[in-house]
Amino acid sequence: MSTLHFGPARIPSRESPEEAVRILQERGYNACEIDFEGKFWMDYGFAARLGELARASDIVLSVHAPIAGFMGHAERGKKLNMAVGMLDHSAGIAKAAGAEVVVFHPGFLLGRTREEAIDSVVEQLGELRERLEAKDRAVPFGIEVMGRVRELGSADDVVEISRRLGWVRPVLDFAHMHATSDGAFLTEKPFAAELAKADAVLEPGAPFHIHFSDIAWANRNEKNHLRYGEGTLRAEPLRDALARFERPATVISESPDEESSQTIKAILQAAAS
C-alpha cells in the first residue's frame with residue numbers, strides 16, 4: 001500500500017466547512033465521506049469551500065449518494081428519473097468539492113436473473129455518463145458491495161460492472177462481505193482475494209475505496225454496524241492484505257462511535273507509518 005487515507009462516513013459538522021475540517025484535523029483524519037444517504041444538505045458554495053480547505057489539509061473527500069440513487073431499474077419512469085437526478089446532483093457536488101469518487105448502490109434483482117440486472121445497471125449508467133459529460137460532471141463513480149446475500153451487489157457483481165465501465169470503481173464494504181459470508185473474513189487471505197479482484201479492474205493510480213466497521217448479521221444478511229470489538233471483524237487482516245498491493249487506499253469508517261473509528265485508524269496506520 002503506497003498511501004493510506006482514513007476517515008469517517010459523515011462530515012463531522014454541518015455548521016461550516018471551516019468547522020468540519022477543524023474537527024477532522026483534530027481527530028487525526030485525512031479522509032471523509034460526504035453523507036447524502038438520507039438527503040442532500042450541502043450547497044455548491046459549502047462544497048467548494050470544503051474542498052478548498054480539505055485539499056490544503058491533505059484530506060481526501062468522497063461523496064455517498066442518496067440511497068434511492070441506484071441504477072438498474074426494471075422499469076423506466078419516475079423512480080429512474082429521480083435516481084438519475086440524485087446521481088447527477090451528487091456528481092455536481094463532488095465536482096465542486098474535488099471529491100475523488102461518488103459512491104452509490106447497485107440496485108436490486110427485481111425478479112430478474114443476476115445477468116439481466118447487471119446488464120440493466122450498465123445500460124443505465126452509460127446513459128447517466130452521457131448526461132454528466134454534457135454538464136462537465138463526469139467524475140469517477142464507485143459501486144458499493146451490499147450486505148444481502150440474495151440481492152444484487154456481491155463483490156463479483158460490482159467488479160463485473162466496474163470491468164464493463166472504466167469510470168466506475170468497486171467499493172469494497174468488508175462489513176457487508178463479512179455478513180454475507182457468515183463471518184468468513186477472519187484472516188488476511190479473504191481480504192487479499194477481494195482486493196485482488198478490485199485491483200484487476202481499477203485504473204493505475206486509482207485508490208482502493210473501502211468501507212469498514214464491525215458488523216452484526218443474521219442468515220447472511222447485514223443487521224447493523226457495531227462498536228469495534230463487539231463482533232468478529234477485525235482491522236489487522238485488512239491492514240496486512242493492503243500491504244500486499246502497490247496501490248493507495250482510502251478507508252472510510254462506518255463505525256457508530258468515534259472510539260471505534262480511532263481504534264481502526266490506529267491499527268491500519270501502524271502498517272502505513
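Accessible areas here come from the Shrake-Rupley method with a 1.4 Å probe. On that basis the accessible surface of the chain comes to about 11400 Å², and carbon and sulfur atoms account for 49% of that surface. The model is predicted. The chain contains 9 helices and 10 strands, and two of its residues, Asp214 and Glu151, are described below.

**Overall form**

- The chain has a radius of gyration of 18 Å, which agrees with the value near 19 Å that a compact globule of 273 residues would have.
- Along the principal axes, the C-alpha trace spans about 45 × 45 × 35 Å.
- Of the 273 residues in the chain, 58% are buried.
- Taking contacts between residues at least 6 apart in sequence, 76% join residues that are at least 24 apart.

**Charge**

- Positive side chains number 32 and negative side chains number 42.
- The centres of these two sets lie 2 Å apart.

**Asp214**

- Asp214 is located in strand β8, which covers residues 214-218.
- The relative accessibility of Asp214 is 0%, so the residue counts as buried, the cut-off for buried being under 20%.
- The Asp214 side chain makes a polar contact of 3.3 Å with the side chain of Arg234.
- The side chain of Asp214 also reaches the backbone nitrogen of Thr232, at 3.3 Å.
- Both Thr232 and Arg234 appear in the contact list of Asp214, which leaves aside neighbours within four places in sequence.
- That list also holds His225, Leu226, Arg227, Tyr228, Gly229, Glu230, Gly231 and Leu233.

**Glu151**

- Glu151 sits in the loop that runs between β5 (141-144) and α5 (155-164).
- With a relative accessible area of 24%, Glu151 is partly exposed, because that class lies between the limits of 20% and 50%.
- When neighbours within four places in sequence are left aside, Glu151 is in contact with Phe108, Leu109, Arg114 and Asp157.
- One of these partners, Asp157, has a number that falls within the range given for α5 (155-164).
- From C-alpha to C-alpha, Glu151 and Leu195 are 21 Å apart in space, and 44 residues separate them in sequence.

**The two residues together**

- Asp214 is buried in the predicted model, whereas Glu151 is partly exposed.
- Asp214 belongs to a strand, whereas Glu151 belongs to a loop.
- An arginine is in the contact list of each residue: Arg227 and Arg234 for Asp214, and Arg114 for Glu151.

Notes
Residues numbered from 1 in each chain as written. Predicted model: local features only at pLDDT ≥ 70, side-chain atom pairs only at ≥ 80, totals over all residues. Heavy atoms only, no water. Helix = DSSP H or I, 4+ residues; strand = E, 2+ residues; numbered from the N terminus. Rg over C-alpha atoms; globule rule 2.2 N^0.38 Å. Buried < 20%, exposed > 50% of the residue type's maximum accessible area, 1.4 Å probe, protein only. Contact = heavy atoms within 4.5 Å. Lys, Arg positive; Asp, Glu negative; His and termini not counted. Charge placed at Lys NZ, Arg CZ, Asp CG, Glu CD. Polar contact = N/O pair within 3.5 Å; in protein donor to acceptor, adjacent residues only side chain to side chain.
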